[in-house]
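Biologist: I'd like to go through this one with you and ask where the labels come from. Can you put it up on the screen?

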Amino acid sequence: MSAVLATLRRVRNDRRFAVLVAMLALAASGFVFSSCGGDDGDSAAPATETTTTSEPTATETTTTTETPPPPPPGPTEIRIVVVDGAPKGGIVREKVEKGDRVVLIVRSDVTDHVHLHGYDVMRDVAPGKPARLPFRATIPGRFEVELEDRGVPIADITVNA
Amino acid sequence: MIVAHGIGVVRDLPIPAAYFFIGAAVVLAVSFVLLFYLWRRPVLEAHADGRKLPSGLSRLVLSRAVRIVLGAFSVFLLGLTLAAALFGTTVELLNFAPTFVYVIFWLGIPLLSILFGNVWSVLSPWRALADAAVWALEHGGREARPVLEWTGRLGRYPAAAALFAFVALELAHPRPAYPRTLGIAIALYTYWALAGMAVYGRDPWTRYGEGFAVAFGFLARIAPFAVRDGAIVARWPFTGLGGADRIRGTLLFVAVLLGSTSFDGFSRSSTWQDLIADLRAELAGSSQRTIDLATTFLSLGGLAFFVAAILATYLAAVAAAEKLGRVERSLVPDFVLPLVPIAAAYLAAHYFTLFLIQGQFIITLISDPFGKGWDLFGTVDFAPNLAIVSPETVWYVQVAALVVGHVAGLAIAHDRAVAVFQGRRTALEAQLPMLGLMVLYTLGGMWLLTRG
């Protein structure tokens, strides 16, 4: 502690040195920025991928944000299976890109309504009658899919910018 | 609804690692540079009185007429909200009450307080009702006197309890936005506010018992405007937070404010949501009531844990500062105000988009507050823009809010430290624990925003 303090006091006595420290810190933050500034979405917290099938789109999403990717041939399908009123394998987490066409397909052994918040799509679901919720991912953010009557969340859809 | 905060349909994308690292680097750099270039004597309190604005403006803004008009309007809004909650549609997003309470009121008034000062003193419907009651009594020739004298023994604990009750409803109740639940809560709180003012008097209860008034009052001390001796003054922002706050319960109050916002952030993470989902799966087959009860208790535990964590870290840092500064008395009251800007930053960072996006819904709701298919002002077809801010803008605002709150908190703590500790060397040493605490809170708050 006292060694640290001694250094700190020297810093106080020498303004130029303190300015240097500030410059170094700024340079360091600039370096951090330039080294991971390009891959905003991917450097976020690791996604907990579920085993639920998501038909991959034809396009590999390595395109930059400047040029929009060519429209995929079909919508991204996200399948959710509900057993005993709960999502099989836990809450389904999927990521899509802004502009994607997406369809949620929910099979359930209970009767309820499936509600995609934000986009506000709601469809009936019943045993043997899966619900299809198509939408175009125009709003970035995270959106909950819920069994409306039970108030049980079954999926969490992230729309990347 | 798993959405933790009372209401809302869009959640923020987690901030990318790059923003986190830049924010962290800036926080650490400015902390150390600031610590050595700051002033040697306390300056904040001396500047808190600011400069008087033209007296005409003061007279107008603080006039009785303005009070009456604003008070009447806010009593009308309270009545409308209560009526919509109790008698309107039970569909949460089609009822005026949930969006008004959780977004316009709970996020809008803090914003106004930080920008313009203690606006709640003229906007509080409860205060306006009490003022009207006193006026009526005195006009009828009777004396309006509190039943009991406020001794100050309870400090701000009643306000802390009230605030905790509200955040528990918002963050732990299984359906916080369900209009009937909200209606009962509004009625109960109205009783709490009015009964307290009747028993202890309007001013003491506003200062120590009415949780919202106390919360908005603390945030208003950030503002560049204040009222001094019946006049409006303009001053540097944050100067109102100098000095110590020796009223008991203040620390707990601020800890509830900080802890609840950080728990809200955490409860949106997949970690917490999976925990709730596991609990539900565990209880599959039980009645809905059992499941609701279990999730409520788990959430209450989480909320209490975050508040306790804020308390514990603060007390540990203060204890270390007392030791390093060789101070015999407790310094708990001396460093509690620096937490206010951090609480404000947490609020701004966590609720910025909720306010901008969900707030738009009030435009349609005002035309049909009960959800009965009316169109009073022709705004029912207004389509809220759910993509009004880009995720990048949100990330910048979040990181910037936390950095500004951190720097302000640090400067306020420094201002206090040079008053409390004797000698430059001691003052320098004794500031390190508080610096560590602020860095912890700021980076912790930022880290919560990176959770997906």
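Modeller: Here it is, and bear in mind that this is a predicted model.

Biologist: What makes you say which residues of α5(B) meet α11(B)?

Modeller: The test is C-beta atoms within 7 Å. B:Ile109, B:Pro110, B:Ser113 and B:Ile114 in α5(B) meet B:Phe216, B:Leu219 and B:Ala220 in α11(B). By class, that contact has 6 nonpolar residues, 1 polar and no charged.

Biologist: And how are the two helices, residues 96-116 and 211-220 of chain B, set against each other?

Modeller: Their axes lie 7 Å apart, at an angle of about 35°. The crossing of α5(B) over α11(B) is right-handed.

Biologist: Why is B:Ser113 there the polar one, by your classes?

Modeller: Ser isn't among the residues that count as nonpolar or charged, so B:Ser113 goes with the polar ones.

Biologist: Moving on, which residues have the most contacts inside the largest nonpolar core?

Modeller: B:Leu163, B:Val254, B:Val256, B:Val340 and B:Ala343, in a core of 148 residues. Helix α15 of chain B, residues 339-358, gives the most to this core, with 14 residues.

Biologist: What makes B:Val254 a core residue?

Modeller: Membership takes a buried residue of the right type, joined to others through C-beta atoms within 7 Å. B:Val254 is in that core, so it counts as buried, with 20 or more other C-beta atoms within 10 Å of its own. Beyond four places in sequence, B:Val254 is in contact with B:Val336, B:Leu339, B:Val340 and B:Ala343.

Biologist: Now chain A. Why are β3 and β6 of chain A called edge strands?

Modeller: The open sheet has 5 strands in the order β3-β9-β8-β5-β6, with mixed pairing. β3 (92-97) and β6 (121-125) each have a single partner strand, so one side of each is left without a neighbour in the sheet. On average, neighbouring strands are turned by 20° against each other, direction ignored.

Biologist: How do you know that β5(A) and β6(A) pair?

Modeller: Pairing needs at least two bridges. β5(A), residues 112-116, has 5 bridges to β6(A), and the two run antiparallel, so they count as a pair. One of the bridges links A:His115 with A:Met122 in β6(A).

Biologist: What is in chain A as a whole, helices and strands?

Modeller: There are 2 helices and 9 strands, and along the sequence the pattern is α-α-β-β-β-β-β-β-β-β-β. Of the 161 residues in chain A, 30% are buried. Among contacts in chain A with a separation of 6 or more, 58% are between residues 24 or more positions apart.

Terms used:
Residues numbered from 1 in each chain as written. Chains lettered and ligands numbered in written order. Predicted model: local features only at pLDDT ≥ 70, side-chain atom pairs only at ≥ 80, totals over all residues. Axes fitted to C-alpha atoms, helices over the stretch in contact; angles between N-to-C directions. Helix = DSSP H or I, 4+ residues; strand = E, 2+ residues; numbered from the N terminus. Left-handed = near helix turned anticlockwise from the far one by under 90°. Contact = placed C-beta atoms within 7 Å. Buried ≥ 20, exposed ≤ 12 C-beta atoms within 10 Å, placed from the backbone.
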